[in-house]
Amino acid sequence: MNNVCLPFLLFSIFLFSYNIVNGQTEITKWQDGKTGAVSITYDDGSINQFRYALPIMRRLKLPATFYIITGAIPGSKYKGKFIGRPVTEIIAETETVPTNADNYFERASAAKYLGYKSANAYYDSSAILYEHEKEADAYKVMDSLYSKVRNGSFKKQIELSNEVAQENGLTWDSIKKYASEGYEFASHTITHAHMAVLDTTNMLYELDKSKEEIRNHLGEKYTFTAEIPFGIEHPRAMKYSLPVYPALRNMMTDPYMQEINRGYKTEPGSSDKEYVQWQRGPLSKTPLSLMQSWADTTLAHDNIWLVLVFHGVDGIGWEALPHELLDTYFQYIKKHEDRLWIAAFSDVAKYMRERMHASVNTDKTRNGMVVHLQHSLDTNTYNIPLTLKTYVPKEWKKVEVKQDNHQQQLQSQKDARGNYILYRVTSNKGAIVLTPS
């Protein structure tokens, strides 16, 4: 090749690359092109979450998702109850028929409604054994419970679970007020029962009617997610729960995402999935430095969704944390908000699904570009704005973005590939028109 042709060839390659890059549009992995996502969630609706934790989040302008036990809230239509034959018949039957695979779910479902003090402890113990695949031991504990009931070992008393009792003071009016401020509320069932050991009728009552209660008080948008109590992933509980809610915090079955739940020690950085949902649940003895390291790990990768799970606050609730610790920790997360997308659980779940089911293409026009964004999901549910990154000519220092009646004026930015703009738009709406301004 002679020396005269070489500069021309290099220029042609540059021009070709320039034209290819300009107009290229991608959907960023996280909203606003951030490095990772964080969702702050609370379980059980214990009253100190709202007395002490929520004001901190309000001050720092941080969103959160609260999974609440609906049956205990005054004014709820659907309360905890046993649906089935009279419990007196079940009690009498246990004298001659031992607990087995054929009757265990009925007896477990009725156990919380026998009307005796201390029955809950036996119910919990039996359920935990069943969830850990120790069915024979679970049956023995259930037999022991009913034996003590028949023998008069327990005092007559209506007994609330700790989780239900600790929610005392929460009202639908206060929930509506918090929701109007942007906080997400979702189901933690009616009574915080062990779903895996309930019979089908009582399990579906807990799932469906808690969802209906929330829909009636707050609206359809708050029925997207739920948390099945005790964070379980038991196959039987998931079989009936997954069809009721689009996104369980316990388990999401999206093939492009790896889930690492609270009890798992798997390191999120080792996954080759597009997304990793990494749940961490700070306990009363968890050091602040470890909690902060979870945010650091999220920042060190580009595919981690850190889901934080809190329960008790200031002495009320399971593994309660002092609000001063929460304040310090949330300030640390807030400090990294420029790189972390901090959002409600449903918002992140919807964003990921929309992105993974979307297509985007760009047409060049004489005066600019036209971008088309579509996804294949139900737009009544999946309506979170997606962030697009479009490469533009270097001469476009300022860009106008217009979709339907919404306009944005943006300053172009630069990376190794060229000049670009980042902008939020809604899928399945009008064409997105980009022009220099």
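Which residues line the largest cavity? They are Lys-81, Ser-109, Lys-112, Tyr-113, Thr-191, Ala-193, Leu-198, Asn-202, Tyr-205 and Glu-206. Keep in mind that you're looking at a predicted model. The protein has 437 residues, and 51% of them are buried. Here's a quick tour, starting with the whole thing and then zooming in.

**The big picture**

- If you count up the secondary structure, you get 13 helices and 18 strands.
- Put a box around the C-alpha atoms, lined up with the principal axes, and its sides come to roughly 105 × 40 × 40 Å.
- Take the contacts in the protein with a separation of 6 or more: 71% of them link residues that sit 24 or more positions apart.

**The cavity**

- The structure has one cavity of 30 Å³ or more.
- The largest cavity holds about 60 Å³ of space.
- Which helix gives the most to its lining? That's helix α9, covering residues 200–218, which puts in three residues.
- Sorted by class, the cavity lining has four nonpolar, three polar and three charged residues.

**The largest pocket**

- The largest pocket offers about 730 Å³ of space.
- Its lining is made of 27 residues, and the ones nearest the centre are Phe-230, Gly-231, Ile-232, Arg-262 and Trp-318.
- Helices α5 and α7 (162–165) each chip in at least two residues of this lining.
- Split the pocket lining by class and you find six nonpolar, 13 polar and eight charged residues.

**Two helices that meet**

- Now look at helix α4 (residues 104–111) and helix α5 (residues 119–131): their axes come within 9 Å and cross at roughly 145°.
- The way α4 passes α5 is a left-handed crossing.
- On the α4 side, the residues that take part are Tyr-104, Phe-105, Ala-108 and Ala-111. Their partners in α5 are Ala-119, Tyr-123, Ser-126, Ala-127 and Tyr-130.
- The residues in this contact of α4 with α5 come out as eight nonpolar, one polar and no charged.
- Helix α5 turns up in two places on this tour, since besides meeting α4 it also supplies at least two residues to the lining of the largest pocket.

**Asn-22, a loop residue**

- You'll find Asn-22 in the loop between α1 (5–21) and β1 (25–27).
- Is Asn-22 buried or exposed? Asn-22 counts as buried because its relative accessible area is 8%, and the cut-off for buried is under 20%.
- Leave out its neighbours within four places in sequence, and Asn-22 is in contact with Lys-364, Met-369, Tyr-391, Val-392 and Pro-393.

**His-301, another loop residue**

- His-301 is found in the loop between α11 (288–299) and β9 (304–310).
- With a relative accessible area of 28%, His-301 is partly exposed. That label fits because 28% falls between the cut-offs of 20% and 50%.
- Setting aside its neighbours within four places in sequence, His-301 is in contact with Thr-35 and Gly-269.
- How far apart are the C-alpha atoms of His-301 and Gly-36, and what separates these residues along the chain? In space the two C-alpha atoms are separated by 7.3 Å, while along the chain the residues are 265 residues apart.

Note on methods:
Residues numbered from 1 in each chain as written. Predicted model: local features only at pLDDT ≥ 70, side-chain atom pairs only at ≥ 80, totals over all residues. Heavy atoms only, no water. Axes fitted to C-alpha atoms, helices over the stretch in contact; angles between N-to-C directions. Helix = DSSP H or I, 4+ residues; strand = E, 2+ residues; numbered from the N terminus. Left-handed = near helix turned anticlockwise from the far one by under 90°. Contact = heavy atoms within 4.5 Å. Nonpolar A, V, L, I, M, F, W, Y, C, P; charged D, E, K, R; others polar. Buried < 20%, exposed > 50% of the residue type's maximum accessible area, 1.4 Å probe, protein only. 1 Å grid on protein atoms, 1.4 Å probe; cavity = no way out; pocket = protein on both sides within 12 Å on 5 of 7 lines; lining within 4 Å. Points joined across faces, edges and corners; volume = space filled by probe spheres on them.
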